[in-house]
Amino acid sequence: MKILPIILMVAAVGLTGCAEKGQVDIAGRAAALAKTIAAERDHVTVAELSDWIIKDQRDFTLIDIRDQPDFAADHISGARHVPLASLMSDAALAGLPEGSKVVVYSNGTAHAAQAALLLRLVDRDAYALLGGFNHWQAYLHDPNSAGVVEMDPAQRAQYQA
């Protein structure tokens, strides 16, 4: 996750002008985001997302940030395609309803986590799909052996040790 410090630095530079005017507390926002990430409240699991879809919950928007060929080949039902490079455009942000969850996914977790962080920086309630589309596919084929991604943080730490 070498890109995370770069994202935070760019965000800080971008928000500095606002902070000088007293509109944004960059250090406070960064600290709050860091606590959210450390507490693992910045993502949803495939089991959670699957449950939401099965229960027909409609309080979230599902965004696939993968390349168009990957999206065209297969995607999670109900997902909208918004390439990562376009995610922060005015048009893309206007299409994300404020006040509802945004679940972002890519093939794995890294790009989705970065996208969710960017969206949180502009006050969207964004979450990364843990394990991404690849884990979603594995979960659909065999939920019981979907892997380390579904473990709770303590189990995952023990497994990785």
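Which residue lies over the face of Trp52, and at what distance from the ring centre? In this predicted model, the residue is Lys101, placed 4.3 Å from the centre of the Trp52 ring. That contact is a handy place to begin, and the overall layout of the chain helps to put it in context.

The chain has 161 residues, and 37% of them are buried. Eight helices and five strands make up its secondary structure. Read from the N terminus, these elements follow the order α-α-β-α-β-α-β-α-β-α-β-α-α. Two of the helices, H3 and H7, pack with their axes 10 Å apart and at an angle of about 70°. Because an angle from 65 to 115 degrees counts as roughly perpendicular, H3 is described as roughly perpendicular to H7. The crossing of this helix pair, H3 and H7, is right-handed.

Next come the charged side chains. Side chains of opposite charge can pair when their charged atoms come close. Five salt bridges are present in the structure, and three of the residue pairs are described here, beginning with the one that includes Lys101. Besides lying over Trp52, Lys101 forms a salt bridge with Asp59, with 3.2 Å between the closest N and O atoms. This pair joins distant parts of the chain, 42 residues apart: Lys101 belongs to strand S4 (residues 101–105), while Asp59 sits in the loop between helix H3 (46–54) and strand S2 (60–64). The surroundings of the two partners can be compared with the help of accessibility. Lys101 has a relative accessible area of 17% and is therefore buried, since buried means under 20%. Asp59 has a value of 35%, so it counts as partly exposed.

Another salt bridge connects Asp56 and Arg58, whose closest N and O atoms are 2.5 Å apart. Here Asp56 is partly exposed, at 45% relative accessibility. Its partner Arg58, with a relative accessible area of 70%, is exposed.

Arg66 and Asp64 also form a salt bridge, and the closest N and O atoms of this pair are 2.8 Å apart. Both Arg66 and Asp64 are buried. Arg66 has a further contact to look for in the structure: its charged end sits over the ring of Phe133, 4.2 Å from the ring centre.

Phe133 leads on to the aromatic side chains. How many aromatic pairs does the count come to? The count comes to two aromatic pairs. In one of them, the ring centres of Trp52 and Phe60 are 5.3 Å apart and the ring planes meet at 45°, so this pair is tilted. Trp52 and Phe60 are both buried. Tyr105 and Phe133 form a stacked pair, with 6.0 Å from centre to centre and 20° between the planes. Because Tyr105 is in strand S4 and Phe133 in helix H7 (residues 132–141), this pair ties together parts of the chain that are 28 residues apart in sequence. Tyr105 is buried, at 0% relative accessibility, and Phe133 is buried as well, at 6%.

Two residues are worth revisiting when exploring the model. Lys101 takes part in a salt bridge with Asp59 and lies over the face of Trp52. Phe133 has the charged end of Arg66 over its ring and forms a stacked aromatic pair with Tyr105.

Terms used
Residues are numbered from 1 along each chain as its sequence is written. This is a predicted model: local features need pLDDT of at least 70, side-chain atom pairs count only at pLDDT 80 or more; totals for chains, interfaces and linings use all residues. Side-chain values use heavy atoms; hydrogens and water are left out. A salt bridge is a side-chain nitrogen of Lys or Arg within 4 Å of a carboxyl oxygen of Asp or Glu. Buried means under 20% relative accessible area, exposed over 50%, partly exposed in between (1.4 Å probe, protein chains only). Helices (H or I, at least four residues) and strands (E, at least two) are DSSP runs, numbered from the N terminus. Rings of Phe, Tyr and Trp (its six-membered ring) pair if their centres lie within 6.5 Å; planes under 30 degrees apart count as stacked, over 60 as edge-to-face and the rest as tilted. A charge sits over a ring if NZ of Lys or CZ of Arg is within 6 Å of the ring centre and within 35 degrees of the ring normal. Axes are lines fitted to C-alpha atoms, for helices over the stretch in contact, and angles run from 0 to 180 degrees between N-to-C directions. Angles under 35 degrees count as roughly parallel, over 145 as roughly antiparallel, 65 to 115 as roughly perpendicular and the rest as oblique. A crossing is left-handed if the near helix is turned anticlockwise from the far one by less than a right angle, and right-handed if clockwise.
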